[in-house]
Amino acid sequence: GEASEQQKPVAERRPVPQKPSLADDVSREEYNKAAQEAFNDQGMEKCPHCGRTFLSGRLEVHLRGCKPKAGDPLAAAGSGNGES
């Protein structure tokens, strides 16, 4: 959460995902789906090679083994060194 982000160096901090803004009469299932999408969009880091998402700090580990394949359209999305 927010407390764990404050412990990180400034350059490594990511914004804490925001609650979805929905009408008051939405079902629990609709709210949960919107909250999950918000977390995936705002709280997860996306691999530039395969598109999988990871918790903060785990993408670096994943990138050690995930390399772009020749001719893969996703290969152009990243630089191959884990930096954006």
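In which helix is the place of Leu59? Leu59 sits in helix H3, which spans residues 58–63; helices here are DSSP runs of H or I with at least four residues, strands are E runs of at least two, and both are numbered from the N terminus. The structure is a predicted model, in which local features need pLDDT of at least 70 and side-chain atom pairs count only at pLDDT 80 or more, while totals for chains, interfaces and linings use all residues. Residues are numbered from 1 along each chain as its sequence is written, and side-chain values use heavy atoms, with hydrogens and water left out.

A look at the whole chain sets the scene. Its secondary structure consists of 3 helices and 2 strands, arranged along the sequence in the pattern α-α-β-β-α. The chain has 84 residues, and 18% of them are buried, a term that stands for under 20% relative accessible area, with exposed meaning over 50% and partly exposed lying in between (1.4 Å probe, protein chains only). The accessible surface of the chain amounts to about 6,600 Å², and carbon and sulfur atoms hold 49% of that area; the areas come from the Shrake-Rupley method with a 1.4 Å probe, and for residues only the protein chains shown count as cover. Of the contacts between residues at least 6 apart in sequence, 26% link residues at least 24 apart, where contact means heavy atoms within 4.5 Å.

Helix H3 offers two buried residues to visit. Leu59 has a relative accessible area of 9%, so it counts as buried. Beyond its neighbours within four places in sequence, Leu59 contacts Glu45, Lys46, Cys47 and Phe54. The C-alpha atoms of Leu59 and Met44 lie 9.1 Å apart, with the two positions 15 residues apart along the chain. His62 also belongs to helix H3, and its relative accessible area of 15% makes it buried as well. With residues up to four places away in sequence set aside, His62 touches Cys47, Cys50, Arg52 and Phe54.

Just ahead of this helix, Ser56 lies in the loop between strand E2 (53–54) and H3. Ser56 is partly exposed because its relative accessible area is 31%. From Ser56 to Lys46 the C-alpha distance is 9.8 Å, for a sequence separation of 10 residues.

Turning to the other loop residue, Ser21 occupies the stretch between helix H1 (2–6) and H2. Its relative accessibility is 72%, so Ser21 is exposed. Ser21 and Ala34 are 13 residues apart in sequence, and their C-alpha atoms are 8.8 Å apart.

The surface also carries a patch of negative charge formed by Asp24, Asp25, Glu29 and Glu30. Patches are built from residues with over 30% relative accessible area and no salt bridge, like charges being joined within 9 Å and nonpolar side chains (Val, Leu, Ile, Met, Phe, Trp, Tyr) within 5 Å. A salt bridge is a side-chain nitrogen of Lys or Arg within 4 Å of a carboxyl oxygen of Asp or Glu. Glu30 belongs to helix H2 (residues 28–43) and is partly exposed because its relative accessible area is 47%.

How values were computed:
Lys, Arg positive; Asp, Glu negative; His and termini not counted. Charge placed at Lys NZ, Arg CZ, Asp CG, Glu CD.
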